[in-house]
Amino acid sequence: KVSGVAWHGDGFFYSRYPAPAKGEELSSKNENHTVYYHKLGTPQSADTVVYQDAANPQRFHGVRTTEDERFALLTISDRGKGKNGNAIFYRDLKAGDATFKPLFPEITDDEYDVIDNVGDKLLVSTNKGAPNRRVVLVDPANPAERAWKTILAERPEPLQSARTAGGKLFATYLKDVTTRAHVHALDGTLEHTIALPGVGSANGFGGNADDTFVFYTYTSFDAPQTIYRYDIATRQSTVFREPAVPGFRAADYQTRQVFYTSKDGTRVPMFVVHKKGLTLDGTNPTLLYGYGGFNITQSPGFSSLRLALLEQGVVYAVANLRGGGEYGEKWHEAGTKLKKQNVFDDFIAAGEWLIANKYTSPAKLAVQGGSNGGLLVGAVINQRPELFRVAIPQVGVMDMLRFHKFTIGWNWIADYGSSDNAEEFKALYAYSPLHNIKA
């Protein structure tokens, strides 16, 4: 659980928790995350423990390897202590390192992600000193920040992803919640901007060092997820595989991005999708979706299930609330801990905008969200019950005073805070859905 598979030699690294006691599978805390190495052809019982930390049972530990298998990279995070960042240690397997050495040894709110190695150096994406992230080249033998070499400087738009393939560095950025994709030399020199099919979401772009092309996917509210092949030499994209959606015609639908003002004056984006020819008379059934947490971006994307609503005249709206990653770390932080009420205010303001602009009315407005979005729905229907007719809170976090005492709940303290902290208790108690139900 909470694991990848990192190949090395004739086996791979992976992470797991101890098996829970019988009868406690759904309630016992997930603790003591341990890294193992599994050799192919042997039973799991023979796996070797690579790293564990009994003194810090709520830390996450994961190992990945670079493509050439020269470096094994151990990432450690401790969100149970309220820290959003991570530490990274490394082993130079080519040099025969038997133990992990420090690369970024302190766990703070600074995040580090090793993209790849360039010889004996490491390409790293980080938000240290750059809330929207930057890419730097780090020498493991001298990893101090003063020795870093800037490859991609921080931009006004948040860096969505950075990956290597074919000797190039592919970087995607978010501009008002939609993707922009660029190709750079490994020294950071911009070589090409990829023309995407429209205003939507693109992912992928990674590959091996000797690849001559990469794949990426593109989707939007009116475009099913399609795989494109990008030829590195010719700089051309072609459709590789496109799904068939019988009866769907993109021309029948309209997507609009609007910006509305939240309670404290913050400008918040929202996508509104519906059939063309919609009459704005306040009578349209409308589904408003939100999440607003954990630095997760609600990007444009296609859903055939949603299409079943749209073709019947339902309006679908996605509010890009604070707490998410739409505008970088500052946007995320503005919806966490003592500032969590901002998320609910943003969502309420989205509903008010849809009503004021005659898309719908309180009698026709439904709201939906899952997990952290379920908490969102639970909070707003307590705070503004007259604004919504239907609420769909899916697997919501509803008891904000005790969520951290069960399963993986302690991992959410970095975003929510904890009732064990007196100041955070007051903020949690003020909106906790379970504790604010009114008769």
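Here is a short chat about some strands, a helix and the cores of this predicted model.

Residues are numbered from 1 along each chain as its sequence is written, and side-chain values use heavy atoms, leaving out hydrogens and water. Local features need pLDDT of at least 70 and side-chain atom pairs count only at pLDDT 80 or more, while totals for chains, interfaces and linings use all residues.

Reader: Which strands stand at the edges of the open sheet of 4 strands?

Author: Strands here are DSSP runs of E, at least two residues long, numbered from the N terminus, and two of them pair if DSSP finds at least two bridges between them. The sheet has the order β1-β2-β3-β4, with antiparallel pairing. Two strands have a single partner each, so one side of each is left without a neighbour in the sheet: they are β1 (6-8) and β4 (48-51).

Reader: Okay, and which residue of β2 stands opposite Ala6?

Author: β1 pairs with β2 (residues 11-16) in the antiparallel sense, over 3 bridges. Opposite Ala6 in β2 you'll find Phe13.

Reader: How many residues of helix α4 are buried?

Author: A helix is a DSSP run of H or I with at least four residues, and α4 covers residues 372-383. Buried means under 20% relative accessible area, with a 1.4 Å probe and protein chains only. What covers the buried residues of α4 includes α3 (341-356) and β25 (365-370). Leu375 and Val377 are among the buried ones, and the count for this 12-residue helix is 10.

Reader: Which helix gives the largest share of the largest nonpolar core?

Author: Nonpolar side chains tend to be buried together in soluble globular proteins. A nonpolar core is a set of buried Ala, Val, Leu, Ile, Met, Phe, Trp, Tyr and Cys residues joined through side-chain atoms within 4.5 Å. The largest one has 43 residues, and Tyr416 is one of those touching the most other members. With 8 residues, the largest share comes from α3.

Reader: Which residue of α4 that Tyr416 touches is a leucine?

Author: Contact means heavy atoms within 4.5 Å. Leaving aside residues up to four places away in sequence, Tyr416 touches residues including Phe294, Met400 and Leu428. Also on that list is Leu375.

Reader: Last one: which residue takes a positive phi in the hairpin of β19 and β20?

Author: β19 (residues 223-231) also forms a hairpin with β18, with 2 residues between them. On to β20 (residues 236-241): 5 bridges join β19 to this strand, and the two run antiparallel. This hairpin has 4 residues between its strands, and the one with a positive phi near 60° is Arg235.

Conventions:
Expected span 1.5 Å × (residues − 1). Buried < 20%, exposed > 50% of the residue type's maximum accessible area, 1.4 Å probe, protein only.
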